[in-house]
Amino acid sequence: MPVALCATSHSPLIGLHDPAPEVRAEVDAEFAAARAFAEDFAPDLAVIFAPDHYNGFLYDMMPSFCVGAAATSVGDYGLPSGALDVDRDAAYAVAERVLASGVDVAVSEDMRVDHGFVQPLTFLFGSLTAVPVVPVFINCVAEPLGPAVRARHLGTAVGEALKEMDRRVLLIGSGGLSHDPPVPRLKEATPEVAERLTHGRDPSPEQRAQREGRTVKAASEFAHGGGALRPLNPDWDALVLRSLAAGDFAAVDGRSNEWFVAEGGHSAPEVRTWIAAYAALAAAGPYTVRSSYYRAIPEWLAGFATTTAVPLDGAA
Ligand SMILES: O=C(O)CCc1cccc(O)c1O
Ligand SMILES: [Fe+2]
């Protein structure tokens, strides 16, 4: 089973609240390189590990992990909406194998996904349906969270499942690195916000616009050095990139959930998607990082990184 990996930060502020043109151009060049990497590899299946931001997964039923057997983009932040081309048989094969290995993944026949899934798919493939996909949700924000090492166990189990399939698989991780966007937290939520985090799956266009406007406003304040959001942490981001490149998972996933938040902000646990994707790659054997881009981009509220990796034996 040939396999390759692309892990990338996402940010719905891309295109909505851009940094200086030369920074934007630098990221665009990196995305173009990642797209060329994906095209060269020519996957017939993409397995994407991504989080959600209270668009598809809410507190009415919050799993730690979920494999989508069918999935639809909600089209937040003006991104494409509609059905993903989910490979249903592959999704069930993955879910069965992961469950057999002892990782209790949920399954959805009607998974809703947001920019966390949509941005990497559209950046890498041009559309939501260009490459058949198995979407794998990882809860990264809705406390309580299990330990980060469970994302590695999930990724390893997915990687083992894929080894049994005769497919060319591009593994995708979506999220991170250090960032603290204004995602509400149930513990400190007003009754109205708690209601939205529990039942607000289908906001009105006005509600969605209001929420997205708040994110843009927060990004503007943050980029000008104001607001209450945690700072980005390039040192911590470098540690994450270095550790995953070296296959030293424990340096990241052996730490407490408090460590992630203290070092990288409340959304730093999105790094779980990278841990899972890299662990799935590691299941196929030793790997090497092909490209690694990083820049702290406050306008996007993110320590922004994009990496590609392949097996060392050149099987890709
Ligand atoms: O809309 C939201 O709830 C959060 C938006 C958001 C912003 C910056 C980086 C991210 O990874 C992200 O998801
Ligand atoms: Fe996110």
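**Group meeting: a walk through the model**

Let's start with Ala46: leaving out residues up to four places away in sequence, Ala46 touches Phe125, Val131, Pro132, Val133, Val134, Leu170 and Ile172; touching, or contact, means heavy atoms within 4.5 Å. Before going on, please keep in mind that this is a predicted model, where local features need pLDDT of at least 70, side-chain atom pairs count only at pLDDT 80 or more, and totals for chains, interfaces and linings use all residues. Residues are numbered from 1 along each chain as its sequence is written, chains are lettered from A and ligands numbered from 1 in the order in which they are written, and side-chain values use heavy atoms, with hydrogens and water left out.

Back to Ala46, then. You can find Ala46 in strand β2; strands are DSSP runs of E, at least two residues, helices are runs of H or I, at least four, and numbering goes from the N terminus. Is Ala46 buried or exposed? Ala46 counts as buried because its relative accessibility is 0%; buried means under 20% relative accessible area, exposed over 50%, and partly exposed in between, using a 1.4 Å probe and protein chains only. Now look across to Leu5: the C-alpha atoms of Leu5 and Ala46 are separated by 9.5 Å, with their positions 41 residues apart along the chain.

Let's set that beside Ser127. Ser127 sits in the loop between α3 and β8 (133-138). With a relative accessibility of 27%, Ser127 counts as partly exposed. Setting aside residues up to four places away in sequence, Ser127 touches Leu121 and Thr122. A polar atom of the Ser127 side chain also lies 3.2 Å from the backbone nitrogen of Ala130; such a polar contact is a pair of N or O atoms within 3.5 Å, and within protein one must be able to donate a hydrogen and the other to accept it, while residues adjacent in sequence count only if both atoms are side-chain atoms. If you measure across the model from Ser127 to Arg242, the C-alpha atoms are separated by 31 Å, and the two residues are 115 apart along the chain.

Now for the metal. Which protein atoms are the donors of the iron ion, ligand 2? They are His10 (NE2), His53 (NE2) and Glu270 (OE), at 2.1 to 2.2 Å from the iron ion; donors are N, O and S atoms within 2.8 Å of the metal (3.2 Å for Na, K and Ca), and water is not among the atoms, so sites may look incomplete. Along the chain, the donors follow the spacing H-x42-H-x216-E. His10 and Glu270 link distant parts of the chain, 260 residues apart: His10 is in the loop between β1 (3-8) and α1 (21-41), and Glu270 is in the loop between α9 (257-264) and α10 (271-282). His10 and Glu270 are both buried.

These residues turn up again at ligand 1. Of the 13 residues around ligand 1, His10, His53, Tyr77, His115 and His179 come nearest; a residue counts as near if one of its heavy atoms lies within 4 Å. An N or O atom in the side chain of His10 is 2.9 Å from an oxygen atom of ligand 1. For His53, a polar side-chain atom is 2.7 Å from an oxygen atom of ligand 1, and for Glu270 the distance is 3.2 Å.

Two of those histidines come with a record. The UniProt annotation "active site", from an unreviewed entry, covers His115 and His179; UniProt positions are given in the numbering used here, feature names are shortened, and annotations may be inferred rather than shown by experiment. His115 is in helix α3 (residues 115-125) and is buried, with a relative accessible area of 4%. Beyond its neighbours within four places in sequence, His115 is in contact with residues including His10, His53, Asp76 and Tyr77. His179 lies in the loop between β9 (169-174) and α5 (191-199). Why does His179 count as buried? Because its relative accessibility is 5%. Among the residues His179 touches, not counting those up to four places away in sequence, are Leu232, His266 and Glu270.

Last, some backbone details. Tyr77 has a positive phi of about 50° although it is not a glycine; Tyr77 lies in the loop between β4 (71-73) and β5 (82-83). Tyr54, which is not a glycine either, has a positive phi of about 60°. A cis peptide bond joins Glu143 and Pro144, with omega about 5°. Another cis peptide bond joins Gly176 and Leu177, with omega about -5°.
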